[in-house]
Amino acid sequence: MRLRLLWQARPEFPQYDPTNTLRYYRCISADGYRFSGHAVCNNPAVRGDHLEEAVWDQVKGLLEDPRRVADEYRRRLRQARDEIREPDEIVRLERQMATLRRGIGRLIDSYAEGVIDKAEFEPRIAGLKQRLSQLQERHRAAVEVAENERDLSLLISRLEEGDSRARRP
């Protein structure tokens, strides 16, 4: 308590004021000690107040025009969809996975009943499992694209609703 009073009583030690302090954003790769004494990044530090103001201006612009968000999101979804066609693709992939699972089951039954020997069984089961894994990954990606499209629709409607509320007198 006594140190606190001494600190406040001495005018040569100004009070810390967080609103009057400059902050900087910088890349941590500029710290040489993190990378064997050599900085990896040579980008300069940026004043926090300037950067935050620029970011906030961009955020306000997006909030005022939700269609910009929607357009960019749709562009990214189209790009992802070029690789995957969602509803039809999802159904087709599910059918292929079911077929492969049945094939794996039949192969296991054939091996268990002694119809095929171990040397024939192992490479076949490995190939089927690898194909199933690939199909599962493509299915997961297709489902993600479909979910993103639904999320986009919900996001757009909420942004437009919020924008209309903000514009009301």
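This is a chat between a biologist and a modeller about a predicted model of one protein chain.

Biologist: I'm new to this one, so which helices and strands does the chain come to?

Modeller: The model is predicted, and in it the secondary structure of the chain comes to 5 helices and 2 strands. Read from the N terminus on, the elements run α-β-β-α-α-α-α.

Biologist: And how much of the chain is buried?

Modeller: Buried residues make up 20% of the 169 residues in the chain. The area that the chain exposes is about 13,600 Å², and carbon and sulfur atoms supply 53% of that area.

Biologist: What about contacts, how many of them link residues 24 or more positions apart?

Modeller: If you take the contacts in the chain with a separation of 6 or more, residues 24 or more positions apart account for 62% of them.

Biologist: Changing topic, how many disulfides does a search of the whole structure find?

Modeller: The search finds 0 disulfides.

Biologist: Why is there no bond between cysteine 27 and cysteine 41?

Modeller: The closest cysteine sulfur to that of cysteine 27 is the one in cysteine 41, but at 3.5 Å it is too far for a bond. A disulfide needs the two sulfur atoms within 2.5 Å, and the sulfur of cysteine 41, for its part, has cysteine 27 as the closest at 3.5 Å.

Biologist: Are those two cysteines buried or exposed?

Modeller: Cysteine 27 is partly exposed, with a relative accessible area of 30%, whereas cysteine 41 counts as buried at 15% relative accessibility.

Biologist: Okay, charges next: how many salt bridges does the structure hold?

Modeller: The structure holds 10 salt bridges. One of the pairs is aspartate 49 and arginine 47, whose side chains meet at 2.6 Å, N to O. Aspartate 49 is partly exposed at a relative accessible area of 32%, and arginine 47 also counts as partly exposed, at 28%.

Biologist: Which residue does arginine 67 form a salt bridge with?

Modeller: Arginine 67 forms one with aspartate 65, and the closest N and O atoms there are 3.4 Å apart. Arginine 67 is exposed, with a relative accessible area of 56%, while aspartate 65 is partly exposed, with 24%.

Biologist: Where do lysine 118 and glutamate 122 lie?

Modeller: Both lie in helix H5, 4 residues apart, which is about one turn of the helix. Lysine 118 and glutamate 122 form a salt bridge, with the closest N and O atoms 3.7 Å apart. Lysine 118 has a relative accessible area of 49% and is partly exposed, and glutamate 122, at 41%, counts as partly exposed as well.

Biologist: Which residues are linked in a network of salt bridges?

Modeller: Such a network links Glu89, Arg92 and Arg138.

Biologist: Staying with helix H5, what is histidine 139 in contact with?

Modeller: Histidine 139 lies in helix H5, which covers residues 118–167. If you leave aside its neighbours within four places in sequence, histidine 139 is in contact with Ile90, Leu93, Glu94 and Met97. Its relative accessibility is 16%, so histidine 139 counts as buried.

Biologist: How many aromatic pairs are there?

Modeller: The structure holds 1 aromatic pair. The rings of tyrosine 111 and phenylalanine 121 have their centres 4.4 Å apart and their planes at 15 degrees, and so the pair is stacked. Because tyrosine 111 lies in helix H4 (residues 86–112) and phenylalanine 121 in helix H5, the pair ties together parts that are 10 residues apart in sequence.

Biologist: Are those rings on buried or exposed residues?

Modeller: Tyrosine 111 is partly exposed, with a relative accessible area of 34%, whereas phenylalanine 121 is buried, with 13%.

Biologist: Last topic, then: which residues form the nonpolar patch on the surface?

Modeller: The patch is formed by Tyr25, Val46, Leu51, Val55, Trp56, Val59 and Leu63, which together have about 590 Å² of accessible area.

Biologist: Which helix gives the most to that patch?

Modeller: Helix H2, which covers residues 48–64, gives the most, with 5 residues. Leucine 63 has its place in helix H2, and at 44% relative accessibility leucine 63 counts as partly exposed.

Definitions and conventions
Residues are numbered from 1 along each chain as its sequence is written. This is a predicted model: local features need pLDDT of at least 70, side-chain atom pairs count only at pLDDT 80 or more; totals for chains, interfaces and linings use all residues. Side-chain values use heavy atoms; hydrogens and water are left out. Buried means under 20% relative accessible area, exposed over 50%, partly exposed in between (1.4 Å probe, protein chains only). Contact means heavy atoms within 4.5 Å. A salt bridge is a side-chain nitrogen of Lys or Arg within 4 Å of a carboxyl oxygen of Asp or Glu. Accessible areas come from the Shrake-Rupley method with a 1.4 Å probe; for residues, only the protein chains shown count as cover. Patches are made of residues with over 30% relative accessible area and no salt bridge: like charges are joined within 9 Å, nonpolar side chains (Val, Leu, Ile, Met, Phe, Trp, Tyr) within 5 Å. Rings of Phe, Tyr and Trp (its six-membered ring) pair if their centres lie within 6.5 Å; planes under 30 degrees apart count as stacked, over 60 as edge-to-face and the rest as tilted.
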